[in-house]
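Work through the exercises below with the sequence and the model side by side, and try each task before reading its solution.

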Amino acid sequence: MEYEIQGGAFPIVICTLQRGETMKNETGAMSFMTSEMKMETNTGGGLLKGLGRALSGDSIFLNFFTAQADNQKIGFSARTPGKIFPIKLDGTNTIIGQKNAFLAAEEGVDLDIYFRNKIGTGIFGGEGFVLQKFSGVGMAFIEIDGEVIERELAPGEQLLLDPGHLAAMDESVGFDIERVKGAKNILFGEGLFFARLTGPGKVWIQTMPISKLAQAIIPFLPTSNVGGDGLVGALFE
């Protein structure tokens, strides 16, 4: 499989497959394919595995696209402005990504849900609790909101993040959620929680989480008749 990422802030990854090669994606990400591609839809490993993906924000079902001839092309488009980030998995490395990170992957890539064991993380961590785990062999493509910054953490080196800015990390990176201390910091600061990451390993930071983009847009939306045809009409007045 060969690939090319195009499109700038609204990216698409175009994959070229030879006969018998297969790509998989979650429902809705495929934008086009050539005529000699065969599509099949299933849970990708049973109902429980599909339900696990649903918990992390993805679809229960996966689409599988197999080339019936050489040099067949298929395009997968990002759902939000940002980047499509390619990850090469060789069976020895595992990547943990934000929920909703998965876009598409080769058939040999395994996608699973990733839980933190600590109860505090689950209760207080918000979007930091349920993550996605990518392992196996092959190329995986994940969505990153905004631009991406890569940091390599040395053993024991720590980094504090707003949890929404964590795009992905090596499985070797320690991850925990902690509450911000101090009443003024909670009321007037950056938020209630930090993600504390501890090396060794790589961390990929996204600059504009979709949740913050939505918050930035809300003040510009009409304050009345925001549902249904009212919003559409207001936008075109």
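Two exercises follow, one on a sheet and one on a surface patch.

This is a predicted model, in which local features need pLDDT of at least 70, side-chain atom pairs count only at pLDDT 80 or more, and totals for chains, interfaces and linings use all residues. Residues are numbered from 1 along each chain as its sequence is written, and side-chain values use heavy atoms, with hydrogens and water left out.

**Exercise 1.** Find the order of the strands in the open sheet of four strands, and say which strands stand at its edges.

*Solution.* Begin with the strands, which are DSSP runs of E with at least two residues, numbered from the N terminus, and count two of them as paired if DSSP finds at least two bridges between them. Strand β2 (residues 12-17) and strand β7 (residues 72-77) run antiparallel and are joined by six bridges, and within this pair Val13 stands opposite Phe76 in β7. The full order is β1-β2-β7-β4, with antiparallel pairing. β1 (2-6) and β4 (30-33) each have a single partner strand, so one side of each is left without a neighbour in the sheet, and these two stand at the edges.

**Exercise 2.** Decide whether Ile217 is buried, partly exposed or exposed, and name the patch to which Ile217 belongs.

*Solution.* First recall the classes: buried means under 20% relative accessible area, exposed over 50%, and partly exposed in between (1.4 Å probe, protein chains only). Ile217 has a relative accessible area of 41%, and is therefore partly exposed. Next, join nonpolar side chains (Val, Leu, Ile, Met, Phe, Trp, Tyr) within 5 Å, taking residues with over 30% relative accessible area and no salt bridge, that is, no side-chain nitrogen of Lys or Arg within 4 Å of a carboxyl oxygen of Asp or Glu. Ile217, Ile218 and Leu221 then form a nonpolar patch on the surface, with about 260 Å² of accessible area together, by the Shrake-Rupley method with a 1.4 Å probe, where only the protein chains shown count as cover.

Terms used:
Patch = residues over 30% accessible without salt bridge, like charges linked within 9 Å, V, L, I, M, F, W, Y side chains within 5 Å.
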